[in-house]
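Hi,

Here's the structure I promised to send over. Have a look at it first, and then read on for what I found.

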There are 2 protein chains.
Amino acid sequence: MISVVLLGAGNVASHLYNAFSTSKTIKVTQWYNRSIGSIKSFKNSVAITDNLKDLKDADIYILALSDSSISKVSQNLPFSGRFVVHTSGSVNIHDLDKKNTRGVFYPLQTFSKSAAIDFKNVPFCIESEDKSKLKLLKELAGSLGSPVYKINTEQRQTLHLSAVFVNNFTNQLYRIAHEISDSKSINFEILKPLISETANKVQELSPYMAQTGPAKRNDLKTIKRHLKQLEKEEHKELYKLLTKSIQKTHGTSTLRQDSVQANSVTKKRNDK
Amino acid sequence: MISVVLLGAGNVASHLYNAFSTSKTIKVTQWYNRSIGSIKSFKNSVAITDNLKDLKDADIYILALSDSSISKVSQNLPFSGRFVVHTSGSVNIHDLDKKNTRGVFYPLQTFSKSAAIDFKNVPFCIESEDKSKLKLLKELAGSLGSPVYKINTEQRQTLHLSAVFVNNFTNQLYRIAHEISDSKSINFEILKPLISETANKVQELSPYMAQTGPAKRNDLKTIKRHLKQLEKEEHKELYKLLTKSIQKTHGTSTLRQDSVQANSVTKKRNDK
């Protein structure tokens, strides 16, 4: 049985608490939050506190806090020599106070308060300055049914950056498609199967192999018409930049270097 | 029983042929392709031809051809007064020769030769100049188990444009994440569950509601660090443009207007 003290009450902390609570090999000994209000409703299931001085003994202290609070809270812990991890994609392992054994337990997934999470689909990126502690982190992830990867701080920060591309930026492309289709009274439902299939395709195929469309096949007529259809300058800019990016990847460059500014598409010699 | 003559041998035509072949209410009477080689292997299952003059009688002629061939082939059809549709997202219904009754049967999905397609996940956008033919198009889609939507040419062209955003451009963001993570020897596997979940989320939630991340919460420290981490100028540009787009959508603009050129991030008064 692994005993855990959980710190924080945001999305990650809440989902971790729920998952740990149903695990047979993990016991949440105590739940800390700066403001007790957010966790008060759990007081019959777990010991809660808003005072770091009251923290109980545990195998691992999980700081599921905002990036900006991690360092400070780790300094304020009233003990040393114990195992303390954070759950952030971007905070350096060394930002944790060195009086404790430091580690990272970073779930690479998008959490929202409402949606249920299946931890089978949450890869954990683990790191520890004391290699013997990696086993405990593996057990912790394993007991949730989650895949687990040993990842150093630089790699984790790169993953966090990559996640912005595949999650936040991708979602913004969905948003733009929603805007564009709304403007012509088109039901966004129609696009949902394509959104799913695009994500499914790269589960098996590399994104390079999965690419199709006017940019890749250098279909200037369609690209030109699309740019004409787009009403917002911001959407035109994005269309051109992403088209240029695809053409660079696939060696089919045709957009002029200055086209992002010039708002024109012309055929040019493919000099790759 | 609906009798179909299929024209073309690309991805859409091939997947339609396979789906129609297993349907109990559709009979492919004949399959035409300009070069007989591509369909010769089917000669024991269906009548094949490379000569438009040999086309048999059918309830519907489906021109599953490249955008640039549709108009010409429709002109070369040796009959009139029959029902002729194309499957393109961008070609106008009026580009079909008016000697026949014109329609559109556009599957909004990404097809690749190898991957099997479940037509339940292929919405068909239908259009017909003769409204009485819409029933036949609905039956055709219905017999494949596909959702079907009545969509005019302008809407279809807007859907085609939206599809470029949610499919080609999204896939390029996956590609960039693949490049970035490869450069630090990170297994792209780790990002796949996040790719799936991002697509899953907008099946229920609007993309607006689903958004999270540093751009939306105006986390300048993370944005700055990400821009520093990115090695390619092209990736920086995209990062900035998409961040600006998210901030515009969510009213948290902080990137300077000129930041795409200036490669700097500064806090400015939010004047929205």
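Before anything else, keep in mind that this is a predicted model.

I'll start inside chain A. Strands β1 (2–7), β2 (26–32), β6 (101–107), β7 (124–128) and β8 (148–150) of chain A are among the elements covering the buried residues of α3(A). Those buried residues are L137(A), L140(A) and A141(A), in a helix that runs over residues 134–143. If you look down the axis of α3(A), they fall within an arc of 95°, so they line one face of the helix. After α3(A) comes G145(A), which has a positive phi, near 80°.

In chain B, helix α3 also spans residues 134–143, and K138(B) is found there. With 15 other C-beta atoms within 10 Å, K138(B) counts as partly exposed, because burial would take 20 or more. Leaving out residues up to four places away in sequence, K138(B) touches I126(B) and V148(B). There's also Y149(B), 11 residues from K138(B) along the chain, and their C-alpha atoms are separated by 8.6 Å.

Now the part where the two chains meet. How many residues of each chain are in contact? It's 73 residues of chain A with 71 residues of chain B. On the chain A side, α4 (153–182), α5, α6 (207–210), α7 (220–229) and α8 each supply at least two residues. The largest share of that side comes from α4(A), with 25 residues. Sorted by class, the side of chain A that touches chain B has 35 nonpolar, 28 polar and 10 charged residues.

Two helix pairs between the chains are worth pulling up on screen, and α4(B) is in both.

First pair: α5 of chain A (residues 192–204) packs with α4 of chain B (residues 153–182) at an angle of about 25°, and their axes are 9 Å apart. An angle under 35 degrees counts as roughly parallel, so that is the label for α5(A) and α4(B). Their crossing is right-handed. From α5(A), the contact is made by L194(A), I195(A), T198(A) and V202(A), while α4(B) brings A163(B), V166(B), N167(B), T170(B), N171(B) and Y174(B). In class terms, the residues of this contact are six nonpolar, four polar and no charged.

Second pair: α8 of chain A (residues 233–249) and α4(B) cross at roughly 60°, with axes that come within 10 Å. That makes α8(A) oblique to α4(B). The crossing of α8(A) and α4(B) is left-handed. Here L242(A), S245(A), I246(A) and T249(A) of α8(A) meet N168(B), F169(B), Q172(B) and R175(B) of α4(B). This contact divides into three nonpolar, four polar and one charged.

Last, a couple of backbone oddments in loops. S185(A) isn't a glycine, but its phi is positive, near 55°. You'll find S185(A) in the loop between α4 and α5 of chain A. Is S185(A) buried or exposed? It's exposed, because there are just 8 other C-beta atoms within 10 Å and the cut-off is 12 or fewer. N218(B) is another residue other than glycine with a positive phi, near 60°. Its place is the loop between α6 (207–210) and α7 (220–229) of chain B. With 18 other C-beta atoms within 10 Å, N218(B) is partly exposed.

Shout if you'd like to go through any of this together.

Cheers

Technical notes. Residues are numbered from 1 along each chain as its sequence is written. Chains are lettered from A and ligands numbered from 1 in the order in which they are written. This is a predicted model: local features need pLDDT of at least 70, side-chain atom pairs count only at pLDDT 80 or more; totals for chains, interfaces and linings use all residues. Axes are lines fitted to C-alpha atoms, for helices over the stretch in contact, and angles run from 0 to 180 degrees between N-to-C directions. Helices (H or I, at least four residues) and strands (E, at least two) are DSSP runs, numbered from the N terminus. Angles under 35 degrees count as roughly parallel, over 145 as roughly antiparallel, 65 to 115 as roughly perpendicular and the rest as oblique. A crossing is left-handed if the near helix is turned anticlockwise from the far one by less than a right angle, and right-handed if clockwise. Two residues are in contact if their C-beta atoms, placed from the backbone, lie within 7 Å. Ala, Val, Leu, Ile, Met, Phe, Trp, Tyr, Cys and Pro count as nonpolar, Asp, Glu, Lys and Arg as charged, and the others, Gly among them, as polar. The arc is that of the directions from the helix axis to the C-beta atoms.
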